[in-house]
Amino acid sequence: DWMGIAGLWKPGEGNHPPVFTLLTCEPGPDMAAIHKRQIVVLEPQDWRAWLMAERAEGEVLRPSAAGTFAVRRDVDEPSEDAAPRLL
C-alpha cells in the first residue's frame with residue numbers, strides 16, 4: 001500500500017536553498033504510546049485533496065487509523081523500559 005507524508009516546500013531563492021517541513025498531528029492509536037505527535041500520513045485518496053487544497057485541512061491532516069502502523073519493542077534483552085519502535 002502506498003502512502004504519502006504531508007509537508008510544505010518552498011523553492012530556494014538567490015543564495016537561500018529550498019526549505020521544507022513535515023507536518024504533524026495528534027497521534028493515532030498506534031502511535032499514542034510512543035509519542036504525543038505523529039507525522040501526517042496521507043492515504044492515496046487524500047493526495048489530490050492535500051496538493052490542490054480541495055478540502056479543509058482538518059479533513060486531510062488527521063491522525064492515522066488504528067492498524068496503519070505495526071509497532072514492536074526491538075531490543076537485544078527485553079526490559080520494561082525498552083522503547084517501542086515503529087516498523
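**Exercise 1. Follow the salt bridges that start from Arg55.**

*Solution.* Step 1. A salt bridge joins the side chains of Arg55 and Glu59, with N and O 3.4 Å apart. The model is a predicted one. Side chains of opposite charge can pair when their charged atoms come close.

Step 2. Check how open the two partners are. Arg55 has a relative accessibility of 33%, so Arg55 counts as partly exposed. Glu59, at 44%, also counts as partly exposed.

Step 3. Look for further members. Arg55 and Glu59 are linked with Asp46 and Arg62 in a network of salt bridges. Within this network, the side chains of Arg62 and Asp46 form a salt bridge with an N to O distance of 2.9 Å. This pair links distant parts of the chain, 16 residues apart: Asp46 sits in helix α1 (residues 44–51), and Arg62 in the loop between α2 (57–60) and β7 (71–73).

Step 4. Compare the accessibility classes of this pair. Arg62 is partly exposed, at 33% relative accessibility, whereas Asp46 is buried, at 4%.

**Exercise 2. Find out which residues touch Asp46, and whether Asp46 shares its burial with other residues of its helix.**

*Solution.* Step 1. Asp46 belongs to helix α1. Leaving out neighbours within four places in sequence, the contacts of Asp46 are Arg55, Val60 and Arg62.

Step 2. List the buried residues of the helix. In α1 these are Asp46, Ala49 and Trp50. They lie on the same side of α1, because the arc they cover around the axis is only 95 degrees.

Step 3. Recall the geometry of a helix. An α-helix has 3.6 residues a turn, so residues three or four places apart point the same way.

Step 4. Ask what lies on each side. The buried residues of α1 pack against β2, β6 (41–42) and α2. The face turned away from the buried side carries the exposed residues Arg48 and Leu51.

**Exercise 3. Describe the residue with a positive phi that comes after α1.**

*Solution.* Step 1. The residue is Ala53, which follows α1 and has a positive phi near 50 degrees. Ala53 is placed in the loop between α1 and α2.

Step 2. Set this against the general rule. Most residues other than glycine have a negative phi. Ala53 has its positive phi although it is not a glycine.

Step 3. Classify its accessibility. The relative accessible area of Ala53 is 64%; exposed means over 50%, so Ala53 is exposed.

**Exercise 4. Explain what the salt bridge of Glu26 connects.**

*Solution.* Step 1. The partner of Glu26 is Arg37, and their closest N and O atoms are 3.0 Å apart.

Step 2. Locate both residues. Glu26 and Arg37 each lie in the loop between β4 (24–25) and β5 (38–39), so the salt bridge ties together parts that are eleven residues apart in sequence.

Step 3. Add the accessibility. Arg37 counts as partly exposed, with a relative accessibility of 31%.

Step 4. Place the pair in the total. The structure holds five salt bridges.

**Exercise 5. Separate the nonpolar core from the nonpolar patch on the surface.**

*Solution.* Step 1. Begin with the core. Eight residues make up the largest nonpolar core: Ala6, Leu23, Cys25, Val40, Leu42, Ala49, Trp50 and Val60.

Step 2. Take one core residue and list what it touches. Not counting residues up to four places away in sequence, Ala6 is in contact with Thr21, Leu22, Leu23, Val40, Leu42, Trp50 and Leu61.

Step 3. Turn to the surface. Ile5, Trp9, Phe20, Leu22 and Ile39 form a nonpolar patch there, and their accessible area together is about 580 Å².

Step 4. Examine one patch residue. Trp9 lies in strand β2 (residues 7–10). With a relative accessible area of 62%, Trp9 is exposed.

**Exercise 6. Summarise the chain as a whole.**

*Solution.* Step 1. Count the elements. The protein chain has two helices and eight strands, in the order β-β-β-β-β-β-α-α-β-β along the sequence.

Step 2. State the burial. The chain has 87 residues, of which 20% count as buried.

Step 3. State the surface. The accessible surface of the chain is about 6900 Å², and carbon and sulfur atoms account for 55% of that surface.

Step 4. State the reach of the contacts. Among contacts with a separation of 6 or more, 39% join residues 24 or more positions apart.

Notes. Residues numbered from 1 in each chain as written. Predicted model: local features only at pLDDT ≥ 70, side-chain atom pairs only at ≥ 80, totals over all residues. Heavy atoms only, no water. Helix = DSSP H or I, 4+ residues; strand = E, 2+ residues; numbered from the N terminus. Buried < 20%, exposed > 50% of the residue type's maximum accessible area, 1.4 Å probe, protein only. Contact = heavy atoms within 4.5 Å. Areas by Shrake-Rupley, 256 points an atom, 1.4 Å probe, with all protein chains shown as cover. Core = buried A, V, L, I, M, F, W, Y, C linked by side-chain atoms within 4.5 Å. Salt bridge = Lys/Arg side-chain N within 4 Å of Asp/Glu carboxyl O. Patch = residues over 30% accessible without salt bridge, like charges linked within 9 Å, V, L, I, M, F, W, Y side chains within 5 Å. Arc of directions from axis to C-beta.
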